[in-house]
Amino acid sequence: MDDMDRKILAEVQQDGRLTVTELAARVRLSVSPCHRRLRELERSGAIGGYRAVVDPAAVGLNFEALVFVSMRQEDRDTVAEFERAVGEVEEVLEAQRLFGEPDYLLRVVAADLAAYQRLYDERLATLPGVLRLTSTLVMKHVVRDRPLPAPGGTRRG
């Protein structure tokens with residue numbers, strides 16, 4: 001990965017709908033080498049895909065919670081079953097396994113508090129191996145969907 005690859009990544013993170021011609025112009029590279037580099041970034045997994053960023057409120061998901069999960073036991077089978085089951089809960093947008101306590105952090109959306117309570121009672125509380133769930137409600141997003149920084153922490157432009 002060189003500076004040109006990082007420039008390409010910065011541009012497609014800002015606008016994944018750029019044509020290769022537009023991308024090439026932005027990074028000051030001819031179209032053919034830009035296209036090759038883009039395909040190599042995709043092939044290597046540096047670019048994992050392209051998607052639309054949808055505003056949850058625009059589709060009726062006005063409630064968001066961060067749910068901290070403490071496990072009753074953490075043997076391999078229980079962890080695998082929990083992770084499989086949590087992956088099937090479509091309201092869970094992100095699930096991260098943590099070092100220390102708690103064991104997991106889930107980012108969950110719902111239409112409203114009543115819908116979240118149903119989700120909590122019927123799905124989250126019944127996940128395999130769960131000892132305790134602690135919810136924190138999101139008041140507002142201060143930073144959201146930020147592109148990854150360039151290595152070294154300084155943006156290149």
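Helices here are DSSP runs of at least four residues, numbered from the N terminus. With that in hand, welcome to some close-up views of this predicted model.

**View A. Two helices help to line the largest pocket.** Let's begin with helix 1, which covers residues 3-14, and helix 2, which covers residues 20-27; each of them supplies at least two residues of the pocket's lining. Helix 1 gives the largest share, with eight residues. The space in this pocket comes to about 1100 Å³. Its lining has 31 residues, and those closest to the centre are Leu9, Val12, Gln13, Gln14 and Pro147. What classes of residue make up the lining of the largest pocket? There are 14 nonpolar residues, 11 charged ones and six polar ones.

**View B. Four strands contribute to the second largest pocket.** This pocket has a volume of about 580 Å³. Try finding Glu64, Leu93, Glu94, Arg107 and Arg144 in the structure: of the 23 lining residues, these lie nearest the centre. Strand 1 (63-71), strand 2, strand 3 and strand 4 (130-137) each bring at least two residues to the lining. Which strand supplies the largest share of this lining? That is strand 3, with four residues. Sorted by class, the lining holds 13 nonpolar, seven charged and three polar residues.

**View C. Strand 2 and strand 3 form a hairpin.** Here you can follow the chain along strand 2 (residues 92-97), through the turn, and on into strand 3 (residues 104-110). The two strands pair in the antiparallel sense, over five bridges. One pairing to look for joins arginine 97 to tyrosine 104, its bridge partner in strand 3. How many residues lie between the two strands of the hairpin? There are six, and glycine 100 in the turn has a positive phi of about 80°.

**View D. Serine 70 sits in strand 1.** Is serine 70 buried or exposed? Its relative accessibility is 5%, so serine 70 counts as buried, since the cut-off for buried is under 20%. Look around serine 70 and you will meet the residues it touches, leaving aside those up to four places away in sequence: Glu101, Pro102 and Asp103, then Gly129, Val130, Leu131 and Arg132. While you are looking at a strand, here is a handy general point: in a regular strand, side chains alternate between the two faces of the sheet.

Methods
Residues numbered from 1 in each chain as written. Predicted model: local features only at pLDDT ≥ 70, side-chain atom pairs only at ≥ 80, totals over all residues. Heavy atoms only, no water. Pairing = 2+ DSSP bridges. 1 Å grid on protein atoms, 1.4 Å probe; cavity = no way out; pocket = protein on both sides within 12 Å on 5 of 7 lines; lining within 4 Å. Points joined across faces, edges and corners; volume = space filled by probe spheres on them. Nonpolar A, V, L, I, M, F, W, Y, C, P; charged D, E, K, R; others polar. Buried < 20%, exposed > 50% of the residue type's maximum accessible area, 1.4 Å probe, protein only. Contact = heavy atoms within 4.5 Å.
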